[in-house]
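Colleague: I am new to reading protein models. Could you walk me through this one, feature by feature?

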Amino acid sequence: LAQTHNALAAGRLRVALENYRLVPRALDTSLWYSRALLAAAPQNPEAWREAFLAAQRAAATSGERPNAWYNLAAFYATQNDFPNTERCLRVAIAWAPRWYKPRWMLAQVLEQAGRLEEAEAEARRAAELNNGHHPEVAQTWVRIRARRQQK
């Protein structure tokens with residue numbers, strides 16, 4: 001795992017991929033690997049594909065299940081796969097109902113889909129859970145509420 005980390009840090013993607021294949025699957029590293037691959041080589045299609053597979057494994061096995069599902073939702077969102085993005089966010093919410101981030105992202109996904117009533121409810125809940133720590137969360141709620149009132 002350390003060799004994988006070092007290879008990614010040095011920009012040696014092929015070596016990192018080969019090293020990670022030797023890491024025992026019993027170790028709970030898929031979430032880390034998914035994020036590390038994308039950070040190291042965001043434009044590389046092979047790295048993206050490997051990161052996506054790791055994200056899928058993490059959603060099924062990670063000890064950080066809410067983070068893993070949130071991470072997987074982000075992968076689906078980059079593909080404009082809104083049904084799977086929504087599904088993953090709802091699973092993340094089920095695992096961590098008091099975490100604002102998946103609700104905030106879900107509100108934005110629902111807004112894009114034109115489901116403004118649902119989007120407003122999720123944005124409101126995200127803002128409540130965030131308790132003013134990140135103003136952009138409350139701003140999302142204000143924006144969606146205004147769009148809904150215009151209809």
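Modeller: Happily! Let's begin with helices and strands: these are DSSP runs, H or I of at least four residues for helices and E of at least two for strands, numbered from the N terminus. In this case, Asn131 sits in the loop between α8 (116-130) and α9 (135-150). This is a predicted model, in which local features need pLDDT of at least 70, side-chain atom pairs count only at pLDDT 80 or more, and totals for chains, interfaces and linings use all residues. Residues are numbered from 1 along each chain as its sequence is written, and side-chain values use heavy atoms, with hydrogens and water left out.

Colleague: How many helices and strands does the protein have?

Modeller: The protein has nine helices and zero strands.

Colleague: What is notable about the phi of Asn131?

Modeller: Asn131 is not a glycine, yet its phi is positive, at about 55 degrees. Asn80 also has a positive phi of about 55 degrees without being a glycine, and Asn80 belongs to the loop between α5 (65-78) and α6 (82-95).

Colleague: Is Asn80 buried or exposed?

Modeller: The general idea is relative accessible area: buried means under 20%, exposed over 50%, and partly exposed in between, using a 1.4 Å probe and protein chains only. Asn80 is exposed, because its relative accessible area is 56%. Asn131 counts as exposed too, with 59% relative accessibility. Across the protein, buried residues make up 43% of the 151 residues.

Colleague: How many aromatic pairs are there?

Modeller: Rings of Phe, Tyr and Trp (its six-membered ring) pair if their centres lie within 6.5 Å; planes under 30 degrees apart are stacked, over 60 edge-to-face, and the rest tilted. The count here is eight aromatic pairs. One of them is Tyr20 with Tyr33, which is stacked because the ring centres are 3.5 Å apart and the planes are at 10 degrees. This pair links distant parts of the chain, 13 residues apart: Tyr20 is in helix α2 (residues 13-20) and Tyr33 in helix α3 (residues 30-40). Tyr20 is buried at 2% relative accessible area, and Tyr33 is buried at 1%.

Colleague: Why is the pair of Tyr100 and Trp104 tilted?

Modeller: Tyr100 and Trp104 have ring centres 6.3 Å apart and planes at 35 degrees, so the pair is tilted. Both residues lie in helix α7 (residues 100-112), four residues apart, or about one turn of the helix.

Colleague: Which residues do ring pairs link into a cluster?

Modeller: Trp48, Phe52, Phe75 and Tyr76 are linked that way.
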